[in-house]
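Reader: Could you take me through the empty spaces inside this protein, one after another? I'd like a close look at what lines them, and a word on the aromatic rings too.

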Amino acid sequence: MNQAMVWGVGTSDYGLFPERRVESLAWEAVAEAVRDAGISPGEIDAIVVGSVFGPPGVATRVQRGLGIPGVPMWTVENACASSTSAFHEAVEAVRFGRFGCVLVLGVDQMSTLFSGAIVPEATDPEGASSLPLPGLYALAAQRYVGEFGVTPEQLAAVAVKNKRNGLDNPRAQLRTSVPTAEEVLASRMIAEPLTMLQCCPTSDGAGAAIVGGDRGNRDDLLVEASAMVSGALWDHRSDDVWGYASVTRAAEQAFGQAGRTPDQIDVMEVHDAFTIGEILTLEALGIAPRGKGAELAPAGHTTRDGAQPVNPSGGLLSRGHPLGATGTAQIAEVVWQLRGRAGPRQVARHAVGLVETMGGGAAGMDGNACVVTILSTQQ
């Protein structure tokens, strides 16, 4: 099999842009990725688009504007993991020699569709009982409070850390100030124990990556692993909280492909749609034992100057969460970090990076999909 590399990345700004066409967000990200890769649009052999709420034909509309007609193109919808699922497909296509250069795009414009939490599917039990995702994550947080003694202050520490990181990200949606833990806990209750400042905002945005083979460019990043799993059956009889097992399965595959252990990861971008999400994910990845993930942020382990920085971009809590574009935004941040070009967000150790995106969810499943990617420099 061929070796897959990330040649270039790009993103739009993240925020609320209801006046913009969704294609313009995509073009902004793709133009930067193409420039970053040092290629011309004509060198792209295929396009894979990740989008959840994009209009019908969103990929074709983007393709038309890019002026790359006729190349194979398809769209992936895997909830929040849509664009990392698209990235996974691009990596596999390059590895197996189907294409030599693949454009990956993630894009969504949420501001024109939702004013608050995403409305759950009415035919699911969660939809019928008015239980949107904040409520589902809150149930996991309640269990961790009761079973492991997780405190409100530990939950708030994740929000403070990621909002401090986001202050140095010029593309982030929320970057006006860094709240104290007390201010996080005093913000409006959304789904107990999760307050407003522990929940990601509704966002618009796009992210792009160019994936190709080894061309001998030292700026290109090696794709050591890309693992994607679909959700498994889950209900009240399951030992794990919702989504935990999906992340664990993807992580085990990714670490096996890369021949690495969790302690060898220098920097991570993980799916922190809610503060408890980052805590659960770090346990599922093997960064902390079960029940101990809430100790990492307060102890400084996951801060920007800690042993294993997590979400130096500000994560979903600060950068925003345009569902289909989140995965490619995470990939872009890790690429910038590994190249040592993340500006004031730059972490000290940056040879190996990990991206985790978990998308949910259809009722009765522990998420729609989860993708874990491990990238490294060529040193």
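Author: Happy to. Keep in mind that this is a predicted model. Let's begin with the second largest cavity, whose lining divides into 3 nonpolar, 2 polar and 3 charged residues. The names to look for are T11, Y14, N169, R171, R319, A329, E333 and W336. Helix α12, residues 323–339, provides the largest share of that lining, with 3 residues. As for space, this cavity has a volume of about 50 Å³.

How many cavities of 30 Å³ or more are there? The count comes to 2, so let's turn to the largest one, which holds about 100 Å³ of space. Its walls are made by Y137, W242, G243, Y244, V247, H271, G277, L280, T281, A284, E356 and M358. Sort those by class and you get 7 nonpolar, 4 polar and 1 charged. Three elements, α8 (244–258), α9 (275–284) and β10 (352–359), each bring at least two residues to the lining. Of the contributors, α9 gives the most, with 4 residues.

A couple of those wall residues turn up again once you look at the rings. Y137 and W242 both line the largest cavity, and together with F274 they form one aromatic cluster. Y244, also in that lining, has a charged partner: the charged end of R290 sits over the Y244 ring, 4.4 Å from its centre. You'll find another arginine over a ring elsewhere, with R20 lying over the face of F17 at 5.8 Å from the ring centre.

Now for the open spaces. The largest pocket has a volume of about 470 Å³ and is lined by 27 residues, with G116, A117, P134, C200 and T202 lying nearest its centre. Two elements give two or more residues to this lining, α5 (133–148) and β10. Helix α5 gives the most, with 3 residues. You may remember β10 from the largest cavity, where it supplies at least two lining residues. By class, the lining of the largest pocket divides into 18 nonpolar, 8 polar and 1 charged.

The second largest pocket holds about 410 Å³ of space. Of its 21 lining residues, I118, P120, E121, G360 and G361 lie nearest the centre. Here the classes come out as 14 nonpolar, 3 polar and 4 charged.

Back to the rings for a moment. The structure holds 5 aromatic pairs. Take W74 and F99: their ring centres are 6.3 Å apart and their planes meet at 35 degrees, so the pair counts as tilted. This pair links distant parts of the chain, with W74 in strand β3 (residues 73–76) and F99 in the loop between α3 (82–95) and β4 (101–109), 25 residues apart. Buried or exposed, what is F99? At 15% relative accessibility, F99 counts as buried, because the cut-off for buried is under 20%. W74, with a relative accessible area of 25%, is partly exposed.

One last stop is Q63, which lies in helix α2, residues 58–66. At 10% relative accessibility, Q63 counts as buried too. Leaving out residues up to four places away in sequence, Q63 touches I47, I68, P69, G70, V71 and M73.

Methods: Residues numbered from 1 in each chain as written. Predicted model: local features only at pLDDT ≥ 70, side-chain atom pairs only at ≥ 80, totals over all residues. Heavy atoms only, no water. 1 Å grid on protein atoms, 1.4 Å probe; cavity = no way out; pocket = protein on both sides within 12 Å on 5 of 7 lines; lining within 4 Å. Points joined across faces, edges and corners; volume = space filled by probe spheres on them. Nonpolar A, V, L, I, M, F, W, Y, C, P; charged D, E, K, R; others polar. Buried < 20%, exposed > 50% of the residue type's maximum accessible area, 1.4 Å probe, protein only. Contact = heavy atoms within 4.5 Å. Phe/Tyr/Trp six-rings, centres within 6.5 Å; stacked < 30°, edge-to-face > 60°. Lys NZ or Arg CZ within 6 Å of the ring centre and 35° of its normal.
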